[in-house]
Amino acid sequence: MRVLILGATGYVGSRLVPHLLDLGHEVVAASSSPPDPDRFGWDERVEAVRCDVTDAASVAQAVRDVDAVVYLVHSLQRSDFTDRDRLGAETVAAAVDEQGVRRLVYLSGLVPDAPESELSAHITSRLEVERILLRTGAEATAMRAGVVIGAGSTSFEIIRQIATLFVVQPVPLWMNHSVQPIAVSDVLRAIAEALEDDGPRGAVDIGGPDVLTYPRLMRACSRGAGLSRVRLPAPVAPSGLVGLATALATTAPFHTVTSLIESLHHDMVCRPGQTWAPRDGAPLLGLAEAVGLASDPAYDGPEGALPSDPAWTRPHRLLDALPMPATTRAAARLALHRIQTLLPDI
C-alpha cells in the first residue's frame, strides 16, 4: 500500500517509517517542519513532504493518491492543544473522505473506565480526535495505547527521569493506579496489522503483558538504569503542584508534563475483549525486557534511542563520560538543559 504517515518525525513515526518499508509498503512521511530525510536516516524510498494538519490545502495535497493514512499528530507541547488537535482531526477527516482514502489508523490513548466528565483534558482530547476520525468513510482504527516503552518516548522518558533523579522520592497516594505499558515495537506491529485488509477496526486497546501501578513502573525504570531508589507515600499532594514539580524536575516540555500528570488519577489498562492480540501469535515484549532495551545505549532496535529523538530525551555525552553519581549526573543534565533553554546559543 501507499501509506501517508502524518507526524512521521515524531517518536512513533520515526520508527514506523522503516518498519512499514520493511513490510513492503510505500511511505510518504509528512511533518509540519521542512522535510529532512537525512536527519532520520531515511533512504530514497521515502517521500518526505511538509504538511500542517490544520491547513486544508497542504493536507489535501498530502492525502492525494494514498491508500492509507496513519495519524500520529498530538499537540501536547502547546497550551491550546485541545483546539489545535480538534482542527487537525477535522481537516484530515474531510480530506480522507474527499480523496476516498481506504484506510485510516490513529494512535490514540487508553480511556479509563470513568465518566467522561472526570477525564483529564489530555484523554478527553484524544477521545474527541478518535471520534472525529472514526466517523470518516474510511475503514478506520483507533489504537489506544498507554505508556509507550522506549528511549525517546515522552511518557517513558518523563517517568524514567523522575524515577532516577532523586534517591528518596515522595509518591502521591493517588498514583497507586494500574497502568498497562506497551513496548514501541509492539505498537508498530499493531499499526501495521491495522493497515491490512483483515486488520482490527474501531477503537482497539493495545497494551503489553504487564499490569502494574505507577510506583512499580518507576521502580522498573530505576532498576533498568541499575539504580536503587526509596519511594515514600505522600498523603497530601495536589495534582497541580505535582505537575509543576515534575515539570521543573524533568527536561520535558512544560505543557506536556502537566497534561500527562492529570491523567494519572485513573487505571489506564486495556478493556477485556477489546484488546489487540497479535495475529501471528508472537508474544508481546515484557516490561523488564523493554526497559532493558531502552536503557542499553548499544541497542539499535525500536526501543533504542535515535539521533533524531528530541534533544531533551537524549543523554549528554560529556556528562555521561564524567565519573559522578547517577543523581549528580541527572541533576547536572537538568541544570544544563535549563541553561540552554534560557540561553540557546550556548
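Begin with the whole protein chain shown as a surface: in this predicted model, the accessible surface comes to about 15700 Å², and 56% of that area belongs to carbon and sulfur atoms. Keeping the whole chain selected but colouring by burial, you will find that 51% of its 346 residues count as buried.

Switch next to a cartoon view, where the secondary structure of the protein chain resolves into 13 helices and 13 strands. If you draw the contacts whose separation is 6 or more, 77% of them join residues 24 or more positions apart.

Now select residues 154-165, which form helix α6. The distance between its end C-alpha atoms is 16 Å, in agreement with the 16 Å that twelve residues should span at 1.5 Å a residue. Is this helix enclosed or open? Eleven of its twelve residues are buried, and α6 is therefore largely enclosed by the rest of the structure; the buried residues include Phe 156, Glu 157, Arg 160 and Gln 161, along with Ile 158, Ile 159 and Ile 162.

Move then to residues 26-31, strand β2, and pick out Ser 31 within that strand. With a relative accessible area of 6%, Ser 31 falls under the 20% cut-off and therefore counts as buried. To see what surrounds Ser 31, display Thr 9, Val 49, Arg 50 and Cys 51, which are its contacts once neighbours within four places in sequence are left aside. Finally, show the backbone of Ser 33, whose oxygen lies 3.1 Å from a polar atom of the Ser 31 side chain.

How values were computed
Residues are numbered from 1 along each chain as its sequence is written. This is a predicted model: local features need pLDDT of at least 70, side-chain atom pairs count only at pLDDT 80 or more; totals for chains, interfaces and linings use all residues. Side-chain values use heavy atoms; hydrogens and water are left out. Helices (H or I, at least four residues) and strands (E, at least two) are DSSP runs, numbered from the N terminus. Buried means under 20% relative accessible area, exposed over 50%, partly exposed in between (1.4 Å probe, protein chains only). Contact means heavy atoms within 4.5 Å. Accessible areas come from the Shrake-Rupley method with a 1.4 Å probe; for residues, only the protein chains shown count as cover. The expected span of a helix is 1.5 Å times one less than its number of residues. A polar contact is a pair of N or O atoms within 3.5 Å; within protein, one must be able to donate a hydrogen and the other to accept it, and residues adjacent in sequence count only if both atoms are side-chain atoms.
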